[in-house]
Amino acid sequence: MSIQLATAAELPQHATAVFLLPAGTKELPQSLQDLHATARQYVADQLAADSKLITVNHFSHQHYFVVAADKPTSDLVAEAVRKSAHQLHAQLKAAKVAELYVQDLSGHASAALTLALVEGLALTAYQFEGYKTDEKSKEAAKLTRIAVVGGASDKELQELDGVLQGVFLARDLVNAPLNKLNAVQFAERMAAAGEEVGYHTEILDLVRIEALRMGGLLAVNQGSPEPPTFTIMEWKPEGATNSKPYVLVGKGVVFDTGGLSLKPTPASMDMMKCDMAGGAAVTGVLYALAKNNVPLHVIGLVPATDNRPGGLAFAPGDVLTMYSGLTVEVLNTDAEGRLILADALAFAKKYEPEMVFDIATLTGSAARAIGKEGIVAMGTATEDQMAALKKAGNRVHERVVEFPMWEEYADHIKSDIADINNLGKAEAGAISAGKFLERFAVGYPWVHLDIAGPAFLTAPDSYRGKGGTGTTVRLLYDFLKSQQ
């Protein structure tokens, strides 16, 4: 259940509320009502002790005070507020608060801190509906409404809600197991989301994928008893400001055993329902853009299949002919994501795009390099485009680290018998995967986002929670909106 976001003209008496205070605050403003002298002194003492989250329990209602952090940039201040909101949510949950009022007393010129607080609360409050059958597990969350008193407009809250719904959709998709979300069901969920908010969806089935000779997608699917899909989502509103579309390509491996190059199970294969997080993110971005009627023409491409070792599964040593015509020697069937992305990236050229992103849980190398704290990026986009992406990443705290794509890395994917191989070397594994994709991302500016680290978390991490995070939905929405 999502939280209803609204504005309020004033703070009702005896309402449970959270107040945002500026960094360095030592005393409360006199305009703050409903706080007797003893409680006011208590808060002042806590402020003097440099507390960042202060609670006053009036028994009939509660007052919470969040003090903005003193950080070197406004982006980091906003992130600290999101994290404070995560801590606040635990107290709201314990107190069984159903309705919360938010008032910004920080003196901040924009609504950024108010929106960050609401965003942190809502992202923390997300719960995957799951499949438990006991009544307690199915009980609805208590917090169902957040009302903002000044500091943010209805329009700003509505836009935030649209973005949050996109994140929650992506999280739901990533958290669903294979037996509830195979490639066909994934495509159907993408189409259903489009019907809800107004983007157009076309699903290519096995026959059409074969007709297009998408050799990468077909090869990865060979060991599966279930067919692949290739989903095309298009958001093209009237009055779109871009003449050429932005294209988002998402890896849609709904489960990855590694194929014949079988993965170990503990801390590896057991989490591989998340290997379609890139495709889920693309769906979430399209959903948010359409929900908020953003005037941009954007296309999403999601090739989807599972990767299994059964039947006629493709094998190490096989040579594939890709949609683009290039040949690929398969050295490891667990390097399958780049094979299906390659077909989609080559297919994207038909749209004559302004810019193309691919989003994928692609390499353990990326996760080992920067952990769950960031996203690895590389590509052929201009310096200005990459700088704009990094700025968007800082604003939403889905930070981007650019890796080099020097010519020498192309040697890592040389093959003796085909144009390229699909594995690379032990060193610079994230980059050699990017160099592989570069051979298919031809004719347009392109950025590859490797989200292997932050896409799925095995332990709770602040407002990102546990499980699917929906990473890059907020990042790409923010970036694309800035391109209007």
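**Exercise 1. Find which residue stands opposite Thr321 in β13, then work out how the sheet around β12 is laid out.**

Start with the residue itself: Thr321 faces Thr327 in β13. Before going on, note that this is a predicted model, where local features need pLDDT of at least 70, side-chain atom pairs count only at pLDDT 80 or more, and totals for chains, interfaces and linings use all residues. Residues are numbered from 1 along each chain as its sequence is written, and side-chain values use heavy atoms, with hydrogens and water left out.

Next, look at the strands. β12 and strand β13 (residues 327-329) run antiparallel and are joined by 3 bridges. (Helices, H or I with at least four residues, and strands, E with at least two, are DSSP runs numbered from the N terminus; two strands pair if DSSP finds at least two bridges between them.)

Now widen the view. The open sheet has 3 strands in the order β12-β13-β17, with mixed pairing. β12 (319-321) and β17 (420-421) each have a single partner strand, so one side of each has no neighbour in the sheet.

**Exercise 2. Put the strands of the 6-stranded open sheet in order and say which helix packs on it.**

The order is β1-β6-β5-β2-β4-β3, and the pairing is mixed. At the edges you'll find β1 (4-8) and β3 (53-57), each pairing on one side only. Ignoring direction, neighbouring strands here are turned by 20° against each other on average. (Axes are lines fitted to C-alpha atoms, for helices over the stretch in contact, and angles run from 0 to 180 degrees between N-to-C directions.)

Then add the helix: α1 (residues 37-48) packs on this sheet and touches β2, β3 and β4 (62-67), its direction making about 165° with that of β3. Contact here means heavy atoms within 4.5 Å.

For one pair inside the sheet, take β2 (residues 17-21) and β5 (residues 99-104): they run parallel, joined by 4 bridges. Phe19 has Gln103 as its bridge partner in β5.

**Exercise 3. Visit the loops on either side of β3 and say what phi looks like at Asp50 and Phe59.**

First comes the loop between α1 and β3, home of Asp50. Asp50 isn't a glycine, yet its phi is positive, near 70°.

Second comes the loop between β3 and β4, where Phe59 sits. Phe59 also has a positive phi, about 75°, without being a glycine. Is Phe59 buried or exposed? Its relative accessibility is 76%, so Phe59 counts as exposed. (Buried means under 20% relative accessible area, exposed over 50%, and partly exposed in between, using a 1.4 Å probe and protein chains only.)

**Exercise 4. Explain why β14 counts as largely enclosed, and name its partners.**

Count first: 6 of the 6 residues of β14 (residues 355-360) are buried, so the rest of the structure largely encloses this strand. In a regular strand, side chains alternate between the two faces of the sheet. Check each face of β14: Met355, Phe357 and Ile359 are buried on one side, Val356, Asp358 and Ala360 on the other.

Now the partners. Strand β9 (residues 246-250) pairs with β14 in the parallel sense over 5 bridges, and Val247 stands opposite Val356. Strand β18 (residues 446-450) also pairs with β14 in the parallel sense, over 5 bridges; there, Ala360 stands opposite Asp450.

Finish with the core. Phe357 and Leu449 touch the most other members of the largest nonpolar core, which has 99 residues. (Such a core is a set of buried Ala, Val, Leu, Ile, Met, Phe, Trp, Tyr and Cys residues joined through side-chain atoms within 4.5 Å.) A second, separate core of 49 residues includes Phe314, Ala344, Ala348 and Leu437.

**Exercise 5. Work out whether Lys435 is buried or exposed, and what its side chain meets.**

Locate it: Lys435 belongs to helix α13 (residues 429-438). In that helix 9 of the 10 residues are buried, so α13 is largely enclosed by the rest of the structure. Lys435 has 7% relative accessibility, so it counts as buried.

Then follow the side chain. It makes a polar contact with the side chain of Glu438 at 2.8 Å. (That's a pair of N or O atoms within 3.5 Å; within protein, one must be able to donate a hydrogen and the other to accept it, and residues adjacent in sequence count only if both atoms are side-chain atoms.) Leaving aside neighbours within four places in sequence, the contacts of Lys435 include Trp406, Tyr409 and Ile413.
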